[in-house]
Amino acid sequence: MNLALAAFVLLLAAVPLLGTPDYFLHLGVTSMLMAVSGTGWAMMGRFGLVSLGHGAFIGTAAYVMAMLWNEVGVTPWLGLPIGVAAAMLLAFLLGYPCFRLRVVGHYFALVTLAAGEIVRLLIVALREHTGGSLGMTPRLAPDAPFLAMQFSKTGFWWMALLVWVFALLVWWWLDRSMASRALAAINEDQDAAASIGIHVTREKLRVTIISAGIAALGGALGAQYRLYLNPESLAGIGISLQIVFGAIAGGMYSMLGPSVGAVFTIGLEELLRVGFGTVFIGAAPFAYGILLVLFILFLPRGIVGFLLRKR
Amino acid sequence: MDPFLLEALVNGILLGGVFALPVLGCNLVFGVVDVVWLCYAELVMVGMYAVWFLHTQQAWPLYLAFAAALPLVGLLGVLLHLIVVKPLLGAPPINQLLATGGVLFVLQGGAMLVFGTDFRSLGVELPPMEWHDVFVSGTKLAAFCAALAGAAALWAFLKFTYIGIAIRAIARDREVMPLMGVDPRRVYVVASAVGGALAGLAACLLVVQLDVHPFIGLSFGPITFMICVMGGLGNMLGGFLAAFLMGLIVSTGSFWWNTEMSYVIAFAFFIAVIFGRPRGLFAR
Amino acid sequence: MEEPALVLEGIRAGYGDFQALFDVGLRVTPGEAVGVVGPNGAGKTTLLRVISGMIRPTRGTARFGEVDIAATPAHELPASGIAHVPENRRLFPHLTVEENLKVGAFIPSARKRFAERSEYVFNLFPKMAQRRHQLAGTMSGGEQQMCAIGRALMSSPRILLLDEPSAGLAPIVVAQVFELVKRIRDEGLTVLIVEQNVAQVLRVVDRAYVLDAGRVVAEGASADLAADPAIRNSYLGGH
């Protein structure tokens, strides 16, 4: 299994060298980065910590990175980790009181939803720096593309692949660690878990911060790739639900589930776009929604979960 | 007092009235069925399109279009319950939340497919009222009164009818209800219908004030849920009061700062409330 | 109309893998007051839950007159005359006394007779009449028990199932509650009462079953059971 995965990753690394058309590279980069965010979300989602506000982390990281570059001239190579760190700090500030005060279930989902909206609205409100709802573009630097992290699709393909493999490694490490068993126990029965010595707040907080960091990494890199940021597509309820959709469609209980979900989502979107064109704007969310409902009704463990059960 | 501040306060109370109906509807459904309809604001959006379509495209008189929106969205609520929520009643609560989130996309995408992304205006406006230099939009005032009337009607329904009392009872103890001859599943359907109809009523009051477009739900959906939680999920009176509190925060926030910041303050206030009183401001 | 009898034969029931009742048989004829006594965990509450349809027996038959209890949804049983006052009363504490009674009168036949039935209940419990607009949760334990019984009586039942009406009440209040139960049965209502307070309940009922570890270990007229030395030792020891 691990060997097969390694071979697959090598194969993916070779894809840009085979003269693959830009269009497919673009789909690949987008899918991989979305897979990163979805994998990050599922790290906590699979333990019943359902966040509807991962857009808050993505938006924070992306805008911190882009504003550092535009306003101060800090290279995104530094800006990206700083942005991700900011997102993780936000996750800490939000998660600590939530878990300390036992905000769980619906309440947790709605608190995170509010956090996502707050970040989105802040981006809009600070329009003098962020461009508001019109969005912003990182300052182009044709003379120093590497420093500005502005390179070709091939370059981003490798970066996305690297980040994706990193996300999977984090999942794998988490899955094998004691933390994963502790979180499973907490999800089962928080009081029982606490009574056998599991530090509930700390375990939840740790996975939340990691989850936020991974999701933010994928999202911010996506913004850098597109060279365009806007509050609706990086923060708020829309993007947050989209991440959740991908993770659930693919299956949030398996390592590759969210990745499969991302490919599925992007593929579906492209299919609808090519099939219907712009005439049928709205077809994508419509189909998304129906599929999301169908998945939850009939395949709550997602595509991968379903396939694994068959075996 | 500064007439502009006074105006902001009056507008805050009027805005609270507008928030109140979806909050009551959402809370009613949550209290009974134990499911948050994440697509509640999108149900309101469908109602707004219905009124707009019937009035401007089919030339129905406005009151008839209003009268049609209530049962229409009520029916939508029943369908939502029967098709999406009911099969998931035994599933983890978060699955129900996410499934209604899927419906959010369906309704949003459906609205785009049918009506496009243009902003649609009803083109109805009542003259503003003036009182000691304080100007209040006549439309907003009328909507506010209608919202209060709707809330009063809901109160009477829950206070005086057998099914209404059963709805309040089931919110506290659903297991014991069959012993009273109450079929909980039937009460769920009734609550979903009433919750939907309240979304329909909210739609009537919003469509006279705002242009409708497929994404309008995103603009007041989140704050609706925040208010519900602040008041205590399922606590009708708490939600009603919290709606006015949020209305005042938003309108005075816009007076001192700007609209987005006022919502940022409102949401931050919400998070602070949850940290201070996890079961809502008015938890007993 | 002939009053129906409650007949249980070979009932097995439980929760998941846990079996609480083993081949329990029981019969309550119209107009009778019957007790089910036994220690904690004997399956008494489970027995009542089977009769009111809250759990389904895995084996055996349960009939109330013509009604096959196991084949009828729980919420339809009140209409056939079964009223169950559950363990811990389960009032709606945030509703007023009158609203609690209204929930008890939910079924269509009871709604029509609401005025008449509430007058009957208020007659039976004059205190309830004074407190009709008070929130049920603010009353004392004894008053809450009366309210719970009143709520069950609103549907004009033909059999009243009482689960531990004395639980958690002060001795003097317990005596009042049993006095009321006596009055209700003297008016001709069939009563099936489950109790741990064996001595008290045997004074109120005509017959009783002794349930232990899910099996009926003895049955008979209350006077005979109260006099039986074996029963006295095992179940009346502390009283």
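## A buried helix in chain C

In this predicted model, helix α6 of chain C contains a run of buried residues: C:Q144, C:Q145, C:M146, C:C147, C:A148, C:I149, C:G150, C:R151, C:A152 and C:L153. The helix as a whole is mostly covered, since 10 of its 13 residues are buried. The elements that cover these buried residues include two strands of chain C, β6 (82–85) and β7 (159–163). Helices of chain C also take part in the covering, among them α2 (97–104), α4 (114–124), α5 (126–130) and α7 (171–186).

The length of α6(C), residues 141–153, can be checked by simple reasoning. At 1.5 Å a residue, its 13 residues should span 18 Å, and because its end C-alpha atoms are 18 Å apart, the expectation and the model agree.

## The fold of chain B

Chain B comprises 10 helices and two strands. Along the sequence, these elements follow the pattern α-α-α-α-β-β-α-α-α-α-α-α. The C-alpha trace of chain B spans about 60 × 50 × 35 Å along its principal axes.

How does the radius of gyration of chain B relate to that of a compact globule, and what is its value? A compact globule with 284 residues would have a radius of gyration near 19 Å; chain B has 19 Å, so it agrees with this rule. Of the 284 residues, 56% count as buried. Among contacts in chain B with a separation of 6 or more, 77% are accounted for by residues 24 or more positions apart.

## Annotated spans in chain B

An unreviewed UniProt entry gives the annotation "transmembrane region" to residues 12–30, 37–54, 60–85, 97–116, 141–167, 187–208 and 263–282 of chain B. Two of these spans may be compared with the coordinates of the model. Residues 60–85 of chain B are 92% helix and 0% strand, and the end C-alpha atoms of this span lie 33 Å apart. Residues 141–167 of chain B are 96% helix and 0% strand, with end C-alpha atoms 31 Å apart.

## A buried tryptophan

B:W52 belongs to helix α2 of chain B, which covers residues 40–57. Is this residue buried or exposed? B:W52 has 21 other C-beta atoms within 10 Å; the cut-off for a buried residue is 20 or more, and B:W52 is therefore buried.

Leaving aside residues up to four places away in sequence, B:W52 touches B:R120, B:L122, B:V207 and B:V212. One of these partners, B:R120, is 68 residues from B:W52 along the chain, yet their C-alpha atoms are separated by 7.4 Å.

## Contacts between the chains

Two pairs of chains touch, and the pair with the most contacts is that of chains A and B. In this contact, 41 residues of chain A meet 42 residues of chain B. On the side of chain A, the elements giving two or more residues are α5 (105–125), α12 (236–250) and α14 (283–298). Helix α5(A) gives the most, with 15 residues. By class, the residues on this side of chain A are 33 nonpolar, six polar and two charged.

The contact between chains B and C takes 14 residues from chain B and 21 residues from chain C. The side of chain B that touches chain C has nine nonpolar, one polar and four charged residues. Chain A and chain C do not touch, and their nearest C-alpha atoms are 19 Å apart.

Conventions
Residues numbered from 1 in each chain as written. Chains lettered and ligands numbered in written order. Predicted model: local features only at pLDDT ≥ 70, side-chain atom pairs only at ≥ 80, totals over all residues. UniProt positions renumbered as here; feature names shortened; annotations may be inferred. Helix = DSSP H or I, 4+ residues; strand = E, 2+ residues; numbered from the N terminus. Contact = placed C-beta atoms within 7 Å. Nonpolar A, V, L, I, M, F, W, Y, C, P; charged D, E, K, R; others polar. Buried ≥ 20, exposed ≤ 12 C-beta atoms within 10 Å, placed from the backbone. Expected span 1.5 Å × (residues − 1). Rg over C-alpha atoms; globule rule 2.2 N^0.38 Å.
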